[in-house]
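Q: I am new to this structure and would like a close look at one part of it. Please then describe what surrounds that part, in plain terms.

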Amino acid sequence: MNRRKFLTFLGSASVASAIATPSTAKASHTFPYYPESYGVLHDTTRCVGCRQCEEACNEVNHLPKPDKPFSDLSVCNTKRRTSATQWTVVNKYNMNGKDVFRKLQCFHCQDPACASACFAKCFQKQPDGSVTYDGTQCVGCRYCMIACPFYAPGFEYNEAWDPLVKKCTFCKPRLDKKQIPGCVEACPMEALTFGRRTDLIKVARARINNNPGKYLDYIYGEHDAGGTAWMVLAPANPKAAPIPPDNPVLAGPEFKQLGLDTHLGNQPMGELTYGALGIVPMIVAFWPVLFGGAYAMTKRREAMHKQALEQTEREAREDIALAVDAAVRKIQETEGEGAADRCRKAMAEALKARETAAKHGEEA
Amino acid sequence: MRNRTKLLLLAAFALAGAACLLFRGPDGTMAAKAPELTDSGALPVQVLFPVSAKPNPGAVGMKPVVFTHKLHESKVQNCETCHHTGDPVPCTTCHTVEGCAEGNFVTLERAMHATNIRQVKNGRTPESCVSCHTKLYSQRKECAGCHSIVKPNHNAQWCAVCHQKVPNMTQEQFAKGVAGKLDPMEGMRLAEATIAARKEVKYADPTKMNYRMVIDSLVDKYEPNYFNHARHIVSVERKIKGNLLAKAFHNSPRVFCKTCHHHTPALATPPKCVSCHNSRIDKKYPGRPPLKAAYHLQCMGCHDGMQVKRPRKTDCTGCHKLRVAQKGD
């Protein structure tokens, strides 16, 4: 096996391993599903669109005051999005001819897509259920905003120096102080129920079962996008027959009217990206070694070759020197001192001329 | 004498009528008075027995139901509402206790109580007693207020509203009824006696209750709410006055109390809301709304059902004034 063949083999092996990596990474990816994590159940049948949650969010998170006051309820009519200064908004939707309000904020996914897309590891799913953001390493790439299926993160476009991504923190600082999120506390209708996620799923099921015909038999966020900490209950269509439980296909058109997508699938968003992004560390770690090694090998071969060349050169030079010396000594014996000196001089001149000729030849 | 034949005919009819009226039975008593039939020709009141095809020598079974056909007939659009096949036969012809092939094996119990009835695409979707009553109390706005919050407890008391004790009914009569062989006229007399024995339930007197309540345990941003307790009860009572369905099923004097004072026995001094609803989330009961939400859900839930337009749900100051010392919203 020569050098060329060896390198071809090594290269193809590395490419093959890179292609094979996604499947193995997917299999080995397990996300810690914190069983004690908190969540919020948003019951849209109870929401009256009073915007108290928005006001409370603004207050507890010290966000800038909006242009229109929170008592102006007409803003719910426009389909607003969350932004860097509005971490939660309440929008009015028309569901089968009836006005239904829904609160928008970060859903705090069980396996967040933003965290999987962020190469700076700014996002983290915490054991308490919140998905937190640490901007110290943020480079402002906004991959998280692209990755989020709920369009939740907002970017500080107005910030000239160090703009950061801003989104609902699940009131993490309040949770740490054993307080419930500001919006939940402010809600006058308990349209937002705070509790352990496992409990909330039971509460939601109980509400669906105890009020036949009131709710769609589907808890949005129980499995959607791999499960979210914030879940949504929607009112049933009073004119249509009730849908079978937990059917994302049949519940889809209903939730679509609420601006929610049931086609996100049960698979955690992260699983789609962790595989591909899992290769990155491998490339970072393996490729420098591979190419560095190949480079070092070439370098060493060159060095060895040069050394060998120099050796032969040196030996040849020594041979000539010895031969000249022997010839001069012979002349000295037979012709005398003067002839030997002349001869030595001629020899040295001839060698010098040869060397300069060789040097010129090399240069040319 | 051109009208002689006509006159003679008239006289004959009159005589026949008189004879009919004066006819007496062989035992000398008046013959069973021809019942005042309903518009459709059915008996006005009936006893519906749990008819079973199986032999029932001991004659055991659920208490029969006294059914006022006349009243129900006037409340539905047409006979097919209940007689869904279009054939006005008794329900027990097809729906027996065990169910039979004619009734598609829908048992009598289901036929009378089912609420999850499959919608028939082409044709009439049948109704059961309970499904129709449920529809009424959740659609009529005078009922839907309370009943959007409280659903009837399906307990023994609830069953007894229809499955009443029939006085004077003998064991033989019941055995006959269960076999489906009781004379309808005899059944009607039993039903009449049962209805006569019914006692009317008088609602508790609202004037003897709290007149006005001050709801001030959460005063923070807003002033307390002055809740006119008596007025709310009087208003609801007035709205359902003359509603026979309500009269039949509201079988306890403090039935109105149970809407707001739920999950507790109907006492003269029920526990306060705050007894169960803490102002903070109760870890042990994750589904239980905290106090503020409990108030709002009860008030607005009932107002929603009754389609009370004002105060609007987002008009906080409609119920409690803004506190002056606090900064505005």
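The part I mean is M282(A): in which helix is M282(A) found, and is M282(A) buried or exposed?

A: In this predicted model, M282(A) belongs to helix α9 of chain A, which covers residues 269–335. The answer to the second point lies between the two words: M282(A) is partly exposed, because 14 other C-beta atoms lie within 10 Å, whereas a buried residue would need 20 or more and an exposed one has 12 or fewer. Its position can also be set against another residue of chain A. M282(A) and S71(A) are separated by 211 residues in sequence, and their C-alpha atoms are 54 Å apart in space.

The domains of chain A come next. Chain A is divided into domain 1, residues 31–278, and domain 2, residues 283–363. Between the C-alpha centres of domain 1 of chain A and domain 2 of chain A there are 79 Å.

The overall dimensions of chain A can be read in two ways. Along the principal axes, the C-alpha atoms of chain A fill a box of roughly 130 × 45 × 35 Å. The radius of gyration of chain A is 38 Å, while a compact globule of 364 residues would have one near 21 Å. Chain A contains 10 helices and nine strands. Of its 364 residues, 31% count as buried. Of the contacts in chain A with a separation of 6 or more, 65% are between residues 24 or more positions apart.

Strand β1 of chain A, residues 38–43, gives a contrast to the partly exposed M282(A). Six of the six residues of β1(A) are buried, so this strand is largely enclosed by the rest of the structure. The side chains divide between two directions: Y38(A), V40(A) and H42(A) point one way, G39(A), L41(A) and D43(A) point the other way, and all are buried.

Two strands pair with β1(A). With strand β8 of chain A, residues 192–196, β1(A) runs antiparallel and shares five bridges. Here H42(A) stands opposite L192(A) of β8(A). With β9(A), β1(A) pairs in the parallel sense, over four bridges. In this pairing V40(A) has W230(A) as its bridge partner, and L41(A) stands opposite M231(A). Strand β9 of chain A, residues 230–233, is covered on both faces: W230(A) and V232(A) lie on one side, M231(A) and L233(A) on the other, and all of them are buried.

Chain A also touches a second chain. In that contact, 19 residues of chain A meet 13 residues of chain B. On the chain B side, the residues divide into six nonpolar, four polar and three charged. For the model, the scores are ipTM 0.76 and pTM 0.75.

Chain B has 13 helices and four strands. Its C-alpha trace spans about 100 × 60 × 45 Å along the principal axes, and its radius of gyration is 27 Å, where a compact globule of 329 residues would have one near 20 Å. Of the 329 residues of chain B, 14% count as buried. Of the contacts in chain B between residues at least 6 apart in sequence, 55% join residues at least 24 apart.

Chain B is also assigned two domains, domain 1 (2–196) and domain 2 (206–318). Their C-alpha centres lie 38 Å apart. The contact between them takes 16 residues from domain 1 of chain B and 18 residues from domain 2 of chain B. On the domain 1 side of this contact, α4 (129–139), α5 (141–147) and α6 (156–162) of chain B each supply at least two residues. The largest share there, seven residues, comes from α5(B). By type, that side divides into nine nonpolar, five polar and two charged residues.

Confidence varies along chain B. The average pLDDT of chain B is 85, and 90% of its residues score at least 70. Helix α3 of chain B, residues 108–113, has the highest confidence at 94, and helix α1 of chain B, residues 4–22, has the lowest, with a mean of 65. Over residues 24–31 of chain B the pLDDT is below 50, and this stretch has four contacts in the model beyond near neighbours in sequence. Where pLDDT is low, the predicted coordinates should not be read in detail.

Notes. Residues numbered from 1 in each chain as written. Chains lettered and ligands numbered in written order. Predicted model: local features only at pLDDT ≥ 70, side-chain atom pairs only at ≥ 80, totals over all residues. Contact = placed C-beta atoms within 7 Å. Nonpolar A, V, L, I, M, F, W, Y, C, P; charged D, E, K, R; others polar. Domains from an automatic or database assignment. Pairing = 2+ DSSP bridges. pLDDT = per-residue confidence, 0-100. Rg over C-alpha atoms; globule rule 2.2 N^0.38 Å.
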